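Hi,

Here is the structure I promised to pass on. Have a look at it first, and then read my notes underneath.

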Amino acid sequence: MNPLDGNAIGGLLHEVFGAEMTDATGTCANCDFTGPVAQTVVYMDAPGTVVRCRNCSSLLMVFAKLHERYCVDLRGLAALEAR
Amino acid sequence: MEGTAVRGRLTWQTATVTKIIPETPRTSTIVFEVPDWPGHRAGQHLDVRLTAEDGYRAERSYSIASAPGEPVAITVERLEDGEVSPYLTEELQPGDAIELRGPIGGYFVWDPVTDHEPLLLAAGGSGVVPLRAILRNRERTGSTASARLLYSSRSLADVIYREEFERPDPGLDVVYTLTRSQPPGWRGRAGRVDDALLAEVAWPAGQNPLAFVCGPTSFVEAVAEGLVGLGYPQARVKTERFGATGGRQ
């Protein structure tokens, strides 16, 4: 399946962070690449939603939903800055 | 809290279908009445949620096809093996209720107040939907931004909003390229968008154009790379990739 981009998870991110996040700026903890969340590489066909860096493909964020609760892994992000 | 619009929160709400407009053999526009709609910007999308009798839920994102100030509408392409789009395009009737939430997104949006530079809109297939919202917004607000739409479609019959795009508008140029079949006597472009076509259609980078590129992943990457190759700064090329995937809950 082709990956999508961060625009596709605008609703999910809004649910988790309580704000519009596709225009937020994320920094990859692996390569320091910085760009809008909308430009990340997103895989939605996994059991969870997997977000990778557009520059180095490192894992940035993982979201899994279980019993109406989100489990969120943000270890791949050095920074996430909302406007 | 469900069903109550809380400021800053994104909540599911019930919308009523008011109109269904067939666009092409595979696509239809669905117009909604949404009681608590906070208003949207051109380029944003919304999520639709269907719940089966057994509680199984399927969620999909659709770009908003209407301009800010117009009733909320989406244009849906029927995917043969789809879980949601066959229902939306074939079963849904005016008067039916449906769950949606939005508007969503703040990156792939055009603002008629601040964005005056020439607009380059590149669409692959139904990626034209948010770009149509931008064009309608441009027209409705009397924006002075000149616009070019480069629209790649399988065939002429698959071109969505064709009548609308062919209305005379001195500030808008539309270039179609048909990738699979061309009608007899077709004098437009044929084949996929390549660097040569982009170089011909795209505003020169020196005019500080703003580009919006929406379509399948392969289309978006080819066009975005081509534009950067023509000197467009990455930040002036806004991209949105879509595909048949969706969330399952």
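**What I found**

His67(A) is a good place to begin: it lies in the loop of chain A between strand S6 (59-66) and strand S7 (69-73). His67(A) is not a glycine, yet its phi is positive, at about 50°. Is His67(A) buried or exposed? It counts as exposed, because it has 4 C-beta neighbours inside 10 Å.

Before going on, please keep in mind that this is a predicted model. Its scores are ipTM 0.94 and pTM 0.94. For chain B the mean pLDDT is 93, with 94% of the residues at 70 or more. The exception to keep an eye on is residues 1-5 of chain B, where the pLDDT is below 50; in the model this stretch has 12 contacts beyond near neighbours in sequence. Where pLDDT is low, the predicted coordinates should not be read in detail.

Chain B has a positive phi to show you as well. Tyr161(B), again not a glycine, has a phi of about 65°. You will find Tyr161(B) in the loop that links strand S8 (147-153) and helix H3 (162-165) of chain B. Tyr161(B) has 22 other C-beta atoms within 10 Å, so it is buried.

Next, a backbone detail in chain B. Which peptide bond is cis? The one from Gly102(B) to Pro103(B), with omega near -5°. Pro103(B) sits within strand S6 of chain B, residues 97-104.

Then have a look at strand S12 of chain B, residues 237-242. How many of its residues are buried? Six of its six are, and the strand is mostly covered. In a regular strand the side chains alternate between the two faces of the sheet. In S12(B), Val237(B), Thr239(B) and Arg241(B) point one way, while Lys238(B), Glu240(B) and Phe242(B) point the other way. The charged names in that list may catch your eye, but all of these residues are buried.

S12(B) also has a partner strand. Strand S11 of chain B (residues 210-216) runs parallel to S12(B), and six bridges join the two. One bridge to find on screen is that of Phe212(B), whose partner in S12(B) is Lys238(B). To get from S11(B) to S12(B), the chain passes through helix H5 of chain B (residues 217-229), making a right-handed β-α-β crossover.

If you only have a minute, I would open Tyr161(B), which is buried, and then His67(A), which is exposed.

Cheers

Technical notes: Residues are numbered from 1 along each chain as its sequence is written. Chains are lettered from A and ligands numbered from 1 in the order in which they are written. This is a predicted model: local features need pLDDT of at least 70, side-chain atom pairs count only at pLDDT 80 or more; totals for chains, interfaces and linings use all residues. Helices (H or I, at least four residues) and strands (E, at least two) are DSSP runs, numbered from the N terminus. A residue is buried if 20 or more other C-beta atoms lie within 10 Å of its own, exposed if 12 or fewer, and partly exposed in between; C-beta atoms are placed from the backbone. pLDDT is the predictor's confidence in each residue, from 0 to 100. Two residues are in contact if their C-beta atoms, placed from the backbone, lie within 7 Å. Two strands pair if DSSP finds at least two bridges between them. A crossover is right-handed if, with the strands pointing away from the viewer, the path from the first strand over the helix to the second runs clockwise.
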